[in-house]
Amino acid sequence: MTRLMKTTIALALMFVCFVFGSSIGVAQDEEIAIGNTFGLGARTMGMGGAFLAVADDFTTLYWNPAGLAQIRKFELFGSLSHSELDSETEFTRGRAAEADNSKTRPNSIGLVYPLYANRGGFAFALGYNRPQNFDSEVAIQGLDPSSGSVFSGFDVDETTSNNGGMGIWSFGMGVFISKNILLGGSIDFWQGSSFNELNSAAEDINNIDPELASFAFHDTVDRDYSGLSGRVGVLAFAGENVTLGGTITLPADLEVHEVWEQQTIVQFDDGEEDMESDAGSILYDIERPFEFGGGVAVKFLEKRLTLAGDIQFTDWTQTEYDPLPAEDSQNNFSRYYDSTMQVRLGAEYRIPRIEASVRVGYFRDPIPFQDRDIDNDRDFLTLGVGKIFDQIIKIDVAFMRGSWEQSGNSLSESQTSNRVFVSAGYRY
């Protein structure tokens, strides 16, 4: 084979990698900034995230800013989260591959400053919340039984890792507009980053290709996100023991600065090797859609027991790139994405004698991506405890465990997530 032909093959493989993605997991790449709700605050997540109608600590700046008006004392708040994500992939009639990722991150930090009026009160809040987490790792190993891809019939060893997340710096206010109705809003400055690294190697152990012995891809994509949005919330007391909450999250226009590098190494049957590399950067926007949330909280047993439930609707098909991140890319969100209805349910029981609380919850965060078969959606069970010390300091701890399964391109993938939240609040 001539050197020109070998170079042409190497360039063609690199082109396929760049345009279609070298990962064998999906036919269409998922947009990591879409979905991936992680959760905020140990008390909230102990109740499965059902907080739109409870809304009475600093994290309500994110969940429902109207609830800030309920806070009558100055509050300093901080929270950390720890996540462990275990994944297992398996080809049809193939061997399983496992990978795991573990990270500790800041979750929330901020303050609430209340003021008073003749007919109720209002409060300001300022701080940072980190509602999205991108940390993950997936490994794929085995003989690819699919057809029509560069990996078909090859023995594959691939690892994909993601690191980063999305945080929001917010300034908000909640105010009583009547005895039973509170309104609130926030201005949200989105900031985040993601780093994706893909290492793919494929060996032609069955001599599928008469010229190629093996090839390998090494790709990195480093992104920085920034944008502006806001949210509006309402809280209404429908009687002494029932509270209703509603929120509208305004569209966010995220500016993305992406830097990418790519390298392709091809080994031929005659022992020769060819390597091609490329790199570049691009600037584009991701336009996120409106999000609508509603919740209810009901208190029983002299208000010691609280039952709460939330739903949140997002039509991800309305997401758009503007401009497109590449000349050959398209706004395929209406084709590959779907609307989702997030469900959050929780209960909290307060033990007055020891100033402590116990919590349980359920959290469903549907996968919006349609290019895979979702065998089991993202369902989480949650537990939590809290304790107040000297009527000033409050410590909360929550644990979440969930799993989901999806499949596509002769590959099945299951993931198990364990998350721990620890929060501390100081009120005086």
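**Cavity.** I began with enclosed space in this predicted model, and the count came to one cavity of 30 Å³ or more. I then noted that about 300 Å³ of space lies in the largest cavity, and that 23 residues line it, of which T37, Y62, R288, E291 and Q312 are the closest to its centre. Going through the elements, I found that α3 (60-63), β3 (120-133), β8, β12 (305-315) and β14 each supply at least two residues of this lining, with β14 giving the most, namely three residues. Sorted by class, the lining of the largest cavity holds nine nonpolar, nine polar and five charged residues.

**Second largest pocket.** I turned next to the open spaces and looked up the second largest pocket, for which I have a volume of about 1,100 Å³. It is lined by 40 residues, and the closest to its centre are R43, D56, R350, K394 and R427. Among the elements that give two or more residues to this lining I wrote down β1 (75-91), β11 (291-300), β17 (393-408) and β18 (411-427), and β18 gives the most, with four residues. By class I recorded 14 nonpolar, nine polar and 17 charged residues in the lining of this pocket.

**Salt bridges.** I searched the whole structure and found 15 salt bridges. The side chains of R43 and D56 form one of them, with N to O at 2.3 Å; R43 sits in helix α2 (residues 42-46) and D56 in the loop between α2 and α3, 13 residues apart. I checked accessibility for both partners: R43 counts as buried because its relative accessibility is 9%, under the 20% limit, while D56, at 25%, counts as partly exposed. I also noted that R43 and D56 belong to a network of salt bridges that links them with E348, R359 and D396.

A second pair I looked up is D188 and R231, whose side chains meet in a salt bridge at 3.0 Å, N to O. This pair links strand β6 (residues 181-203), which holds D188, to strand β7 (residues 212-237), which holds R231, across 43 residues of the chain. Both ends count as buried by my check, D188 at 0% relative accessibility and R231 at 6%.

**Which strands hold R378 and D365?** R378 lies in strand β16 and D365 in strand β15, so the pair ties together parts that are 13 residues apart in sequence. Their salt bridge has its closest N and O atoms 3.6 Å apart, and I noted that both R378 and D365 are buried.

Conventions
Residues numbered from 1 in each chain as written. Predicted model: local features only at pLDDT ≥ 70, side-chain atom pairs only at ≥ 80, totals over all residues. Heavy atoms only, no water. 1 Å grid on protein atoms, 1.4 Å probe; cavity = no way out; pocket = protein on both sides within 12 Å on 5 of 7 lines; lining within 4 Å. Points joined across faces, edges and corners; volume = space filled by probe spheres on them. Nonpolar A, V, L, I, M, F, W, Y, C, P; charged D, E, K, R; others polar. Salt bridge = Lys/Arg side-chain N within 4 Å of Asp/Glu carboxyl O. Buried < 20%, exposed > 50% of the residue type's maximum accessible area, 1.4 Å probe, protein only.
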